Amino acid sequence: SASEFYPTETESGLSHDGSLTHKDIIRLGCLKAVARYLEEKLRKPHGSLANIKSLSSETLLRSVYGNQTATVGFELALQEIETQAALMDAWYEVDGNIDEAVTIARQHFDDEKFEEGHEYLLKLSRAVFTSLHKGSYSSARTFTGRFLLTMQDFYSHSNWVEMGRRGILKELGLVPAHSAPFLQDVAAPFQPTCTDCTHCSDPLLFSDDCISNVEMFFLTSGYFYYPWDYDRPTKPNGKCSHGADVDRSHRFP
């Protein structure tokens, strides 16, 4: 296992070391996106809405339309996006043309399934726009939640940041795979990407030698096997594990 792949939210619902959870990031991102749209549409100064103190669905709308503005509809829309994102950790999209293990891994960029994850994001982005064109706004929010969760997992489940990349990957999920140069940086299937860590009795804790034990020159992500995944092949030697108590892959070298 590697500390770089520590989940941002534990089973108790508490974030680790004060880091933001998926839900926190999605809500803040959606609020800022709407705020910047309103700034442009209403010709307000840049940042005048996006940087509101204690930004929320209520403070944003009422700062524009007044204190009597109803905000329930906007809040429910945000919650629908958040809920669909959260369900991605307990659900996977069945695809008869793709192996079940790959289907699950691509939704989270696990098992170094970067091209598959990128293609899945492309599929979701198309579904968002198709739904909008049809006026199916609830479906659009569903696909948006799934898209945002999978996109976040690219950063939280990979070593993108550890490679020294500080900016966002602009082409992620938005251009065809052949136009996505980052895929050329993915580690080869049997290329070692992690060094072993000293075993800890608590699977949610890491020993000191698990700090900076991940490959820094090639893109990689942690392997993740559910406890019931006994029919899956073992993790290749030298590859990273996702980590956490439900990940069985850390039992392999």
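Is G73 buried or exposed? In this predicted model, G73 is exposed, with a relative accessible area of 52%, a value that falls in the exposed class because that class begins over 50%. The residue belongs to helix α3, and the protein around it is built from six helices and zero strands. The points below go from the overall fold to single helices and then to the nonpolar core.

**Overall fold**

- From the N terminus on, the elements follow the order α-α-α-α-α-α, and the count of strands is zero.
- Of the 253 residues in the protein, 43% are buried, while the protein exposes about 14,100 Å², of which carbon and sulfur atoms supply 56%.
- Among the contacts in the protein with a separation of 6 or more, 58% are accounted for by residues 24 or more positions apart.

**Helix α2 and its surroundings**

- Helix α2 covers residues 57–65, and its buried residues are S57, L60 and L61.
- These buried residues lie on the same side of α2, because they cover an arc of only 85° around the axis.
- As a general point, an α-helix has 3.6 residues a turn, so residues three or four places apart point the same way.
- The buried residues of α2 pack against two helices, namely α1 (22–41) and α3 (72–87).
- G66, which comes just after α2, takes a positive phi of about 105°.
- S57, one of the buried residues of α2, is 16 residues away from G73 in sequence, and the two are 9.6 Å apart in space, C-alpha to C-alpha.

**Helix α3**

- The 16 residues of α3 should span 22 Å at 1.5 Å a residue, and the end C-alpha atoms of the helix are 22 Å apart, which agrees with that expectation.
- The buried residues of α3 are F74, E75, A77, L78, I81, E82, Q84 and A85, and they pack against α1, α2 and α6 (137–157).
- Q84 lies in α3 and has a relative accessible area of 17%, which makes the residue buried because the limit for that class is under 20%.
- Leaving aside neighbours within four places in sequence, Q84 is in contact with T142, G145 and R146.
- G73 also lies in α3, but with its relative accessible area of 52% this residue is exposed.

**Helix α5**

- Helix α5 (residues 114–134) has 21 residues and reaches 30 Å from its first C-alpha to its last, which is close to the 30 Å expected at 1.5 Å a residue.
- The buried residues in α5 include F114, G117, H118, Y120, L121 and L122, and further along the helix L124, S125, A127, V128 and S131 are buried as well.
- G135, just after α5, takes a positive phi of about 80°.

**The largest nonpolar core**

- The largest nonpolar core has 33 residues, and the members that touch the most other members are L60, F114, F154, L172, F182 and L219.
- At least two residues of this core are supplied by each of α1, α2, α3, α5 and α6, and the largest share, five residues, comes from α1.
- L60 is also among the buried residues of α2, and F114 is among those of α5.
- Apart from neighbours within four places in sequence, L172 is in contact with F109, H118, L121, M151, F154, Y155 and F182, and of these H118 and L121 are buried residues of α5.

Technical notes:
Residues are numbered from 1 along each chain as its sequence is written. This is a predicted model: local features need pLDDT of at least 70, side-chain atom pairs count only at pLDDT 80 or more; totals for chains, interfaces and linings use all residues. Side-chain values use heavy atoms; hydrogens and water are left out. Helices (H or I, at least four residues) and strands (E, at least two) are DSSP runs, numbered from the N terminus. Buried means under 20% relative accessible area, exposed over 50%, partly exposed in between (1.4 Å probe, protein chains only). Contact means heavy atoms within 4.5 Å. Accessible areas come from the Shrake-Rupley method with a 1.4 Å probe; for residues, only the protein chains shown count as cover. The arc is that of the directions from the helix axis to the C-beta atoms. The expected span of a helix is 1.5 Å times one less than its number of residues. A nonpolar core is a set of buried Ala, Val, Leu, Ile, Met, Phe, Trp, Tyr and Cys residues joined through side-chain atoms within 4.5 Å.
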